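Student: I'd like to learn how to read a pocket and a helix pair in a model. Can we walk through it together?

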Amino acid sequence: MISTTDLKNRQEFEKIVGEANVQPWDEIEPLRQQQIIQSLAPETTLQGIIYPQTQDELAQVIAYIHQEKLRVLPCGSCSKINWGGLIKSVDFVVSTERMNQLIEHAVGDLTVTVEAGMKFSELKAILDQKNQFLGFDPTYPERATIGGIIATGDTGSLRQRYRSIRDMILGISIVRYDGKIAKAGGRVVKNVAGYDLMKLFTSSYGTLGIISQITLRVYPQAESSGTVILTGEPEAITQVNQTLLSSALTPVAVDLISTNLSKALGLGDHIGLVVQFQSIPESVQQQSQRLMELGEKLGLKAIYFDADEANLWQQLKQQIWQSESNTSILCKIGITPTSAVKTLIQCQTLGVIHAGVGLGVLRFESVSSETLLNLRHWCESQGGFLSLLKAPLELKQQLEVWGYSGNALNLMRQIKKQFDPQNQFSPNRFVGGI
């Protein structure tokens, strides 16, 4: 039976966003329910989901939540809602999925401003019409929203050329804990306490406030694109990777893939290096040829993709990220780039590492907590980390999800307290229970 308080909350939210945009828990579709449940600590119950349609509605919703001392889990389309720590004591999910409008596309200035709930695929279609694109390659491009991509720092393979997603944000609007709207960057109205909101909110996992609008840098589409795959012995892969990264060649993506992933992609039984070039046709062909010649001199097998290139990258992403099993485990790792090949050999699973920065993802279908702890210790010994993104609830309860061992935890807690003094946004999702 619904309580008087729950009924009052629902009625107040319906006044703000309309009855159709407030969804009680028992009316949420089963798939979305399951996604949300995977993000919650046991015995945590939700009243429902609220779908604001404008930035003003979102601000009013958060103002009411602050007034009533409620707690919320912000999200976009729920595609990555189960990443990170288990949420504790939360009352509502607030989704920006229906805040999905294009605000401005300044084609000549190479910028675009959108509401946070616009899906990456929808924005890509808009930019395609003007032969432009975004310099990041998110995990679930058909479902992921721009706000969610930023909140989880989901850059992808293109970071080799275009760096982190935080480097592409020119302006941002957020709704604070008290319902007030703050802006920073290219469309500045008000800044907050001198903080760089664009960098602070990237990878904050919805723990500091809710992103409502974003202005992004865009790029002209290249005339041509091609991908070279080299497979073979680890020593030769290490050598060609180091030579490539210190050369004058200009790849947009350089990914090391594990032996297991090579097998899954039908590329053989060896570790691999996947390199993408984009430029004018002559440059793509010349750079690809130089890399293939270098690999062949070292005894590596070289394969070139152009016509079927998009399918290759799609298959690579699907092998890592898409699983029907509720027991699958996704880990984000970071190591020094020179340790990347050794790390993939050590892990013995489906894995990809962005070679230029040492960040990557491992996927397991079943693995013990002891094995994961050993891998975490290995990554730490290589100057890095291992964090659980997606995992069964039991495993997330056994292991500290983030595996953070740095000295900035007190600073992070101070920032959390300043931006969210009532701990009303995504409690316990981030490092150290923030």
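Tutor: Sure, pocket first. A pocket here is an open set of grid points with protein on both sides within 12 Å along at least five of seven lines, and lining residues have an atom within 4 Å of a point. Keep in mind that this is a predicted model.

Student: OK, so how much space lies in the largest pocket?

Tutor: About 960 Å³. Its lining has 32 residues, and F120, K124, D137, A310 and K317 are the ones nearest the centre.

Student: Which element gives the most to that lining?

Tutor: That's α11, with 6 residues. The elements that supply two or more are α4 (120–128), β7 (132–133), β12 (224–232), β14 (271–279) and α11 (309–321). By class, the lining of the largest pocket splits into 12 nonpolar, 12 polar and 8 charged residues.

Student: Now the helices. What describes two packed helices?

Tutor: The angle between their axes, plus the distance between the axes. Take helix α1 (residues 4–17) and helix α3 (residues 55–67): their axes come within 9 Å and cross at roughly 155°. Angles over 145 degrees count as roughly antiparallel, so α1 is roughly antiparallel to α3.

Student: And what is the handedness of the crossing of α1 and α3?

Tutor: Right-handed. On the α1 side, the contact is made by K8, N9, E12, F13, I16 and V17, while α3 brings E57, Q60, V61, Y64 and I65.

Student: How does the contact of α1 with α3 divide by class?

Tutor: Into 6 nonpolar, 2 polar and 3 charged residues.

Conventions:
Residues numbered from 1 in each chain as written. Predicted model: local features only at pLDDT ≥ 70, side-chain atom pairs only at ≥ 80, totals over all residues. Heavy atoms only, no water. Axes fitted to C-alpha atoms, helices over the stretch in contact; angles between N-to-C directions. Helix = DSSP H or I, 4+ residues; strand = E, 2+ residues; numbered from the N terminus. Parallel < 35°, antiparallel > 145°, perpendicular 65-115°, else oblique. Left-handed = near helix turned anticlockwise from the far one by under 90°. Contact = heavy atoms within 4.5 Å. Nonpolar A, V, L, I, M, F, W, Y, C, P; charged D, E, K, R; others polar. 1 Å grid on protein atoms, 1.4 Å probe; cavity = no way out; pocket = protein on both sides within 12 Å on 5 of 7 lines; lining within 4 Å. Points joined across faces, edges and corners; volume = space filled by probe spheres on them.
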